[in-house]
Every structure is written in structure tokens, then in C-alpha cells.
Amino acid sequence: MNFAHRTDHLHPEGAYQVLARAQELEQKGMDIIHLEIGEPDFATPAHVSLAGIRAIATGHTRYNPPAGLASLRQVIAEYAGKLRNINIDIDQVVVSPGAKPNLFFPTLALVNPGDEVIYPDPGFPTYQAMIGVAGGKAVPVPLLEKNGFSFDLEAFDRLVNERTRLIILNSPSNPTGGVIPLPDLEHIARAAMHFGAWVLSDEIYNQLLFDGTLAPSIASIPGMQERTIIIDGFSKTYAMTGWRLGYGIMPAELARRVELLLTHSLGCTAHFTQLAGIEALTGPQEYVSMMAQEYRRRRDRLVSGLNEIPGLSCLLSQGAFYAFPNIQGTRKTSDQLANLLLEGGVAVLPGSAFGRYGEGYLRIVFANSYANIERALARMDKVISGL
Ligand code: PLP
């Protein structure tokens, strides 16, 4: 079949591929511990679910404005502005079904064919997908273990130039758990202002931080808000992955373009989901810190266990719920090792699923129970010690 070239570069997300293989093995009777999919194992907080149920029962099941309900956009503007110490107007907020459309649409609205887009490698696979669909030139900047997986600023300085239209940042990072410190953000901001580039700052893990680490937003740096798109959402912070609710914050003129793309593709975000979102942001927040504390306990167990396995070494993740151990001591590629571990009953992702610079690493999700993490460590030790 002949397809338009703009989709030729698209691949399935590694997490879904490994999940499918793990499920095949499960059907054959194998017991698999799932550490491959990046989603909270906690239930959506009950008061949020109830708000959604109530909204359906009272008939909030119709079309509503494409950029989102004014009431939710107002709540987001206040919440997101307070978090980042900036002023946000309601007309800068675009609500979407999940954060993903707010990654895709600003990229489509800004990037012309041939424009260069800098993005993190290893990084969330959607970045490369959306750059390609827009016809942009994908320019990866390595995230190096020796820098705590912040941007490699030397490589960044070599790659940023007047053709750079967009710089994509993700802090805390999927897949590394690393955070970009303020001085590095200031460095990137100076280059963005100098070359007139936009920044798309994916901050979806900003409530999942450990040990007092701060993950500042580049939008808080003077002069940056007018060239930054902040991406955030409810999936990770409020354990709402399947509800599909996210948002982007950007200059109002760009928001109007993104709203048009949303109008003509998705139409709008479900009304009842948005009412649940208002409850999530304005209701009790203890659940969020409880989840972060529990992730931290699991991270500590996972990372110390990984560091005891011969051939592995792992930095302490600063945020999100991912560990990204270096596996080069095993002399296996990340794909080979991920396959061996799957056969040994643990589903994880090869670092190479996140880009070239992810080779030599695995991504392991610690949004699973403490007991399962302990069982997974024992299985991993057995497989790797037997190599
Ligand atoms: N950005 C990053 C870095 C992610 O890891 C994810 C989900 O895994 C998303 C965006 C998408 O979030 P949503 O489920 O709200 O579309």
C-alpha cells in the first residue's frame, strides 16, 4: 500500500510492544512482573472519580468548547501559575484529551518542513514522532549519565543555531528520572532567546520529585514565558492515565492556533472528565504527596537492589517513576538484556527504545508494589548472574 511519506518514520511505542509480548507469555502460563508501562499503579483518588461519575449522571456528556471549559482553564491558570511563580491568563490555557495532543499540536503549529527541532535522547518517543509528522529535522541532544541525565550542554551549544525553531525539554525525565537544574535551564534559555527559538517544556512529572529536588520551569526565567509552551496534565500526578486529560500553556496567539487544530481533529475534551479535573486540582492534595512518598520508598529499594547486581549500576532517580540503570557491564545490548529478563519473568524496556543514546541502559518503572519490585530484583539477579 502507498502511504503519505509523513507517516513513514512512525513506530509503535516500545512499552506497548513489550506489553504485548509479556501478555503472550502470560497466556502460555508464565508469571510476568510488569515494570514496562509508565503509569501509576494507584487508583484515581475516590473524590475525583466521584466528581466524574456525578458529572455523567447529571448530563455533562455533550460537546463543549474546543480549548476546554472556562471553569477548568481558570483553575489551571491559577494552579499552574502559582506553581511556577508566573502569571497565566485563561486564554493561554488549552485543555486536551491527555497531554499528548498538546505536544503534537503546538509542534504542528510552529514547525515548518526543514526547521530544526532539538529534543532529548533518550527521550519520550512521541517527540521524534511529532517532529517527523511536522516535517521538521529532528536534532537529538544526548542526556548523559555523567551529567545526572541533564542536557549535554556542550552538544547543545554545537547543535543550536538560527535554524532551530523549537527546543524540547522534559524535566523530570522519562526515561531517565533526571532533572535539569536551573543553571542549565538558564543556559538553554539564553540560547533560545539569542536564536529566536521556541521551547516546549514537558513538565508532566513535576509533582513526582524526591529528596527535596526542585525541577524549575524554564518558563519562570525572565523573557521565556512568551516563547515557551508548558505541557502538564493529570495522568501522572492524579493517577488519571485513562481519563485522558492534559493541558498546554502558551502565548494566547499560539493557543488560538492550537485550539483550531484541536477543533478540527479531536473536537473537544469530554465534559465530565474536565469536571473531574477541577476536583483534582481544587480538592484535597494529600493523595499526591502520599503517592510521591511511596514511589520514593520503592525507588530506594529498586536502585539499591540494582546496584547489587553484577554488571549494573544505577543513579538515584530524582523524579518521575523510572530507574535507568547502566547495563554495559553485562556485555549485552539493551534489547538482548530486556529479552532475557522478559524470559526470566520481568518486563522492562530497552534504553534503545528511547533513542540512540539510550543504548546501554534499561528503563525500569517503579510504579509497582514494593513486594513486586523485590521479586523482580531477585529474578533479575538470577538472569544476570547466570550470563
Ligand atoms: N510526556 C511524557 C514525558 C510522558 O511520559 C507521557 C506519558 O507517558 C506523556 C507526556 C503523555 O501523557 P498523557 O497520558 O497525559 O497523554
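**Close-up 1. Ala-320 sits in the loop between α10 (286-307) and β9 (322-323).** This is a predicted model, and the first stop is a backbone oddity. Phi of Ala-320 is near 60°, a positive value in a residue that isn't glycine. For background, most residues other than glycine have a negative phi. Is Ala-320 buried or exposed? With a relative accessibility of 0%, Ala-320 counts as buried, because the cut-off for that label is under 20%.

**Close-up 2. Phe-149 also has a positive phi, near 65°.** Look for Phe-149 in the loop that runs between β4 (137-142) and α6 (153-159). The relative accessible area of Phe-149 is 5%, so this residue falls under the 20% cut-off and is buried.

**Close-up 3. Asp-121 and Pro-122 are joined by a cis peptide bond.** Omega here is about 5°. Pro-122 belongs to the loop between β3 (116-121) and α5 (126-134). As a reminder, most peptide bonds are trans.

**Close-up 4. A cis peptide bond also links Asn-174 to Pro-175.** In this case omega is about 20°. If you're hunting for Pro-175, go to the loop between β5 (164-170) and α7 (182-195).

**Close-up 5. β3 and β4 run side by side as a parallel pair.** Six bridges make up the pairing. To get from β3 to β4 the chain goes through α5, and this β-α-β crossover is right-handed. For one facing pair of residues, find Glu-116, which stands opposite Lys-137 in β4.

**Close-up 6. Domain 1 (5-43 + 286-385) meets domain 2 (61-282).** Note that domain 1 is put together from two stretches of the chain. The domain centres, taken over C-alpha atoms, are 25 Å apart. At the interface, 36 residues of domain 1 touch 36 residues of domain 2. The size of an interface is often given as the accessible area lost when the parts come together. Here the buried area comes to about 3000 Å², with carbon and sulfur atoms giving 61% of that. Which three residues of domain 1 supply more of its buried area than any other three? They're Gln-318, Phe-354 and Tyr-357, and they account for 22% of what domain 1 buries against domain 2.

**Close-up 7. Asp-211 and Arg-296 form a salt bridge.** Their closest N and O atoms are 3.1 Å apart. How many salt bridges turn up across the interface of domain 1 and domain 2? The rule finds three of them.

Definitions and conventions: Residues are numbered from 1 along each chain as its sequence is written. This is a predicted model: local features need pLDDT of at least 70, side-chain atom pairs count only at pLDDT 80 or more; totals for chains, interfaces and linings use all residues. Side-chain values use heavy atoms; hydrogens and water are left out. Helices (H or I, at least four residues) and strands (E, at least two) are DSSP runs, numbered from the N terminus. Buried means under 20% relative accessible area, exposed over 50%, partly exposed in between (1.4 Å probe, protein chains only). Two strands pair if DSSP finds at least two bridges between them. A crossover is right-handed if, with the strands pointing away from the viewer, the path from the first strand over the helix to the second runs clockwise. Domain bounds come from an automatic or database domain assignment. Contact means heavy atoms within 4.5 Å. Buried area is the accessible area (1.4 Å probe) that two parts lose on being put together, summed over both. A salt bridge is a side-chain nitrogen of Lys or Arg within 4 Å of a carboxyl oxygen of Asp or Glu.
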